[in-house]
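The following exercises concern a protein–RNA model and are solved step by step. Please examine the sequence and the structure before reading the solutions.

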Amino acid sequence: MVKEILEKEVLTIIKEIFPEADISGVSVDVSDNFGDYATNAAMVLSKRVGKSPRDVAGELIKALEKEKVNLVEKIEVAGPGFINFYIADKFFIDNVAEILKEGHGIGKNEKEKERKVMIEYTDPNPFKVFHIGHLMTNAIGESLARLYEFGGAEVKRANYQGDIGLHVAKALWGMKQTLDEMPKDSATLTEKTAYLGKAYSFGSDAYGDEENTKAQEEIKEINKQIYESSCDKQLRELYDKGRQWSFDHFEVLYKKLGTKFDHYFFESQTFVEGTQLVKDNLKKGTFEKSDGAVIFPGSKYGLHDRVFLNSQGLPTYEAKDLGLTYLKYKTYKADLSLVITASEQTEYFKVIIEAMKQINPDIAKHMAHIGHGMMRATTGKMSSRKGNVITGESIVNNLIEMARKKISIEGINEKEKENIATIIGVAAIKFSILRHQIGKDIVFDPEKSISFEGDSGPYVQYANARAQSILRKAEEKGIELNAKDYTGSVTDIEKILQRFPSVVGRAAREQAPHFMCTYLLELASAFNSFYANTPILNSGDVASYRVALTRAVSQVLKNGLYMLGITAPERM
RNA sequence: GCCCCUGUAGUUAAAUGGAUAUAACGAGAGCCUUCUAAGCUCUUAUUGCAGGUUCGAUUCCUGCCGGGGGCACCA
């Protein structure tokens with residue numbers, strides 16, 4: 001990679017001619033208008049060696065030219081003291097050949113080699129709707145998982161689902177009140193989950209209604225019975241039914257989204273261990289009693305105090321999360337155990353991690369939480385209690401339907417069409433999530449929905465589909481791919497292609513898939529422009545090179561999309 | 001009230017302390033008897049305010065103003 005080679009070279013030279021500067025690293029970056037790469041090293045050195053930046057640059061260039069780094073064609077000093085590198089076209093052409101050689105392995109690296117990573121993400125709750133926020137967590141978690149895998153890590157995907165707790169009690173109470181509306185077993189999953197959503201809403205409203213003390217008592221009682229497994233036959237049946245409906249529904253979505261979990265954890269498994277942990281550590285003073293509840297005094301550590309066991313003695317989500325941490329640790333000894341949730345839980349996880357640090361610092365040191373921004377609708381705050389959420393299913397299905405209408409490939413059957421439409425619809429939602437910085441909120445306008453044009457997943461997919469179409473035709477025509485013997489000049493495309501491994505590295509290192517999005521848009525745009533303005537198949541002598549370049553573009557687009565959890569269809 | 005995050009064209013976003021802040025959408029003008037028009041080409045416009053650090057600040061620091069989130073038995 002050019003960046004790394006030049007950085008090493010420049011650093012070596014600096015150590016040689018300015019040892020007194022005592023510099024440990026320099027950065028060489030891609031430059032758009034001034035050569036191919038540039039470094040600010042001379043400006044950084046300037047005050048350390050007491051010379052003007054341009055003079056320092058001059059001396060560095062002299063030394064660099066003597067070294068004759070063969071990929072560099074020309075070096076210049078410019079502006080306040082930048083050193084600009086012009087890279088030889090031959091280097092970029094060789095890189096195209098290299099991409100063809102690497103094939104689907106392009107972008108793989110060993111930065112995370114031997115590292116064991118567990119990522120918990122998505123975390124929908126049975127009995128509640130799978131909403132747009134879950135879609136967001138899923139897209140981010142899946143992408144991070146794939147980025148770690150490309151770095152050589154062993155990744156386990158985990159999903160934690162709240163099949164026990166107050167929200168379940170609320171939904172069950174709601175179901176009991178509306179038994180006559182309950183869908184039959186033969187009903188569709190959509191009908192079943194819609195019913196559960198309504199039942200939860202009903203129970204939640206009743207619980208929140210201060211006048212309705214009877215409902216509150218009953219819901220609390222149901223909650224207790226579930227924890228104790230002491231519920232009657234009818235309640236048990238409702239519970240089993242609702243839980244199963246939810247899980248079936250989630251699996252359908254995961255399949256569409258392209259996520260396959262290795263481990264499922266449930267709150268019904270974590271609460272026993274969690275409760276025990278809190279009780280054990282209450283004696284040791286890690287936890288304290290307060291108003292009949294057991295709390296972790298986060299305020300001692302600059303955090304919030306939080307309740308771990310409520311005054312009924314039942315574990316809250318906090319205690320269950322401690323139990324989950326142990327359960328995960330028993331299942332898989334990860335070097336890094338990541339939890340992805342919306343940023344509203346960021347403060348909460350600081351408390352959990354601090355509490356775990358007090359209980360078992362060896363486990364706590366592997367834990368990390370990533371809070372992503374919230375998906376906010378232009379129509380106001382979404383709330384599953386109020387029932388004005390946008391469900392994951394509706395948004396995905398709408399996009400798939402839109403994509404289906406745009407497909408105009410001849411000679412494919414309905415099933416193939418459905419598959420392609422799904423791939424495109426999922427790409428649209430995932431890309432629109434992932435192209436933002438993870439921590440920032442995303443404003444989602446349900447009216448405008450999500451674009452298939454411009455900065456979008458389908459745009460990148462489309463560029464690849466065009467490339468694939470060219471490759472099919474090239475094969476029919478018998479054009480041989482040859483990237484090595486080309487001696488002409490290169491375009492932006494080769495230069496962008498060359499950066500791919502650096503982008504993969506940065507996206508993984510900074511846990512920031514949006515760098516990959518930005519990169520893919522740039523590459524797709526350069527290729528689309530090339531495609532529109534330059535003949536590829538009918539270009540005589542250079543056809544074999546242009547087709548080779550097309551294949552390299554397609555390969556990089558495919559691998560880049562894969563790292564975002566997006567599939568690239570051959571045709572669309 | 002306390003704590004955390006955040007403020008970039010009309011809108012949605014991007015920019016490892018670097019040179020002329022980058023795209024898309026929108027608006028306007030063109031381009032399918034050549035490889036998929038989900039496309040291409042051109043035009044249009046931006047760093048909340050006030051200081052500070054720096055050769056250089058959208059980026060770092062302080063204050064103010066706006067937005068979001070969290071803060072006891074929900075998840």
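**Exercise 1.** Determine which helix gives the most residues to the surface near RNA strand B, and describe that surface.

*Solution.* Helix α19 (residues 514–533) contributes the most, with nine residues; helices (H or I, at least four residues) and strands (E, at least two) are DSSP runs numbered from the N terminus. The model is predicted: local features need pLDDT of at least 70 and side-chain atom pairs count only at pLDDT 80 or more, while totals for chains, interfaces and linings use all residues. Residues are numbered from 1 along each chain as its sequence is written, and chains are lettered from A and ligands numbered from 1 in the order in which they are written. In total, 80 residues surround RNA strand B, a residue being near if its C-beta atom, placed from the backbone, lies within 6 Å of the strand. The closest are Asp29, Ala38, Gly165, Asn310 and Gly454. By class, the surface comprises 32 nonpolar, 32 polar and 16 charged residues (Ala, Val, Leu, Ile, Met, Phe, Trp, Tyr, Cys and Pro count as nonpolar, Asp, Glu, Lys and Arg as charged, and the others, Gly among them, as polar).

**Exercise 2.** Establish the strand order of the four-stranded open sheet and identify what packs on the sheet.

*Solution.* The order is β1-β2-β4-β3, with antiparallel pairing; two strands pair if DSSP finds at least two bridges between them. Because β1 (28–30) and β3 (72–78) are at the edges with a single partner strand each, one side of each has no neighbour in the sheet. On average, neighbouring strands are turned by 25 degrees against each other, direction ignored. Between β3 and the antiparallel strand β4 (residues 82–87) there are six bridges, and Ala78 stands opposite Phe82 in β4. Helix α3 (residues 53–67) packs on the sheet and touches β3 and β4, contact requiring C-beta atoms, placed from the backbone, within 7 Å. The direction of α3 makes about 170 degrees with that of β3; axes are lines fitted to C-alpha atoms, for helices over the stretch in contact, and angles run from 0 to 180 degrees between N-to-C directions.

**Exercise 3.** Characterise the packing of helices α10 and α11.

*Solution.* The axes of α10 (residues 267–284) and α11 (residues 317–331) come within 6 Å and cross at roughly 100 degrees. The two helices are therefore roughly perpendicular (65 to 115 degrees). Residues of α10 in this contact include Phe271 and Leu277, and those of α11 include Leu324 and Tyr326. By class, the contact has nine nonpolar, five polar and three charged residues.

Note on methods:
Contact = placed C-beta atoms within 7 Å. Parallel < 35°, antiparallel > 145°, perpendicular 65-115°, else oblique.
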